[in-house]
Amino acid sequence: SQYRSVFSTGELQYYGTDLYMAVTESSDEKMFNGYDASFNGTAGVVESYWSTLYKIVQESNILLNRTKLTTEGMTEDEYNSIIAQGRFLRVMAYYYLVETFGPVPFYTEENTTVIKSVTRTDESDIYDFMISELIAIKDILPAKAEESGRVSNAAVMQLLGKLYLTRGYKTYAQTDDFENAAASFEDVINNSGHKLLSSFASVFDENNQNNDEIIWAIQYGTDKN
C-alpha cells in the first residue's frame, strides 16, 4: 500500500517527460516540469518521496528478517512466497531511489537504532544487488497473480528486464544487459499468460481492471487502511 503514494508522486516520476505535461503554473509544476531557476531539493514532495521509499525498504527488511520457516503452520511454499514478495518490493524501492537520487544509503537488514550518519553506495553496486535479488526469486511466484495486487513471476521478470534495459544505458553497463533485457521481456510475453488487448482504450476502462494486459497494479478500495 506504500506504493500508492510513490506512483502518485507525478512531480518526480512524470513531470518533464513525454509521459506527462503539467498544465498549471504552481511552484512545484514550474520547478519539476520546466527545470527553471527555482528548481531545488527542498520541495516538500522530495522529502516525502524519499521517506516513503525508505519506509518500504525498512518494512521489507523487517519482513525478511522476522519471517521464519519455523513459524507454526507455515509451509515451505508459503515461506518462499513471502520472502520473494518482500525482496521484490525492496528492489522496486531501491530502483526509484537510485534513479531519482543517484548514489543513496543502502540497507539490506532491519534497522533497530537511530541513524546519525550515512554513506552513499554507488549506483552500480545497487544495480548489481537489485538484479541478483530478482534472479534469486525468479520462478518462485506464480506466473500470473492468483489474487489482484499480488506480485507474480511476470512482475519479477518485467522489473528484471527494466533493470537490465536501464543499466544498459549507464556508464557501468554490462555487455549483455540488452540481451538479458530482451530475454526477460520475452519470458513475460511467452510464459506469463498476459497478452495485449485488442483495444488500447479497454486497458484503462475502470470496468475492466486487472485485465490480461495488466502485470501488476496497485489496488485501491473504500477502506483507506
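## Largest pocket and positive-phi residues

Thirty residues line the largest pocket, and those nearest its centre are Phe204, Ile214, Ile215, Trp216 and Ala217. The model is predicted. The space in the largest pocket amounts to about 1300 Å³. Sorted by class, its lining comprises 20 nonpolar residues, together with five polar and five charged ones. Four helices each contribute at least two residues to this lining: H5 (76–101), H7 (153–167), H8 (177–191) and H9 (200–203).

Backbone geometry is the second topic. Most residues other than glycine have a negative phi. Asp139 is not a glycine, yet its phi is positive, at about 70°. Asn210, likewise a residue other than glycine, has a positive phi near 55°. The table sets out both residues.

| Residue | Phi | Location | Relative accessibility |
|---|---|---|---|
| Asp139 | about 70° | loop between H6 (123–137) and H7 | 54% |
| Asn210 | near 55° | segment after H9 | 37% |

Asp139 is found in the loop that joins helix H6 (123–137) to H7, and H7 is one of the helices that supply the pocket lining. Asp139 counts as exposed because its relative accessibility is 54%, where the cut-off for exposed is over 50%.

Asn210 is placed in the segment that comes after H9, and H9 also supplies at least two residues of the pocket lining. With a relative accessible area of 37%, Asn210 is therefore classed as partly exposed, a class that lies between the limits of 20% and 50%.

Terms used:
Residues are numbered from 1 along each chain as its sequence is written. This is a predicted model: local features need pLDDT of at least 70, side-chain atom pairs count only at pLDDT 80 or more; totals for chains, interfaces and linings use all residues. Side-chain values use heavy atoms; hydrogens and water are left out. On a 1 Å grid over the protein atoms alone, a cavity is a set of points where a 1.4 Å probe fits but cannot get out, and a pocket is an open set with protein on both sides within 12 Å along at least five of seven lines; lining residues have an atom within 4 Å of a point. Grid points are joined across faces, edges and corners, and a volume is the space filled by probe spheres set on the points. Ala, Val, Leu, Ile, Met, Phe, Trp, Tyr, Cys and Pro count as nonpolar, Asp, Glu, Lys and Arg as charged, and the others, Gly among them, as polar. Buried means under 20% relative accessible area, exposed over 50%, partly exposed in between (1.4 Å probe, protein chains only).
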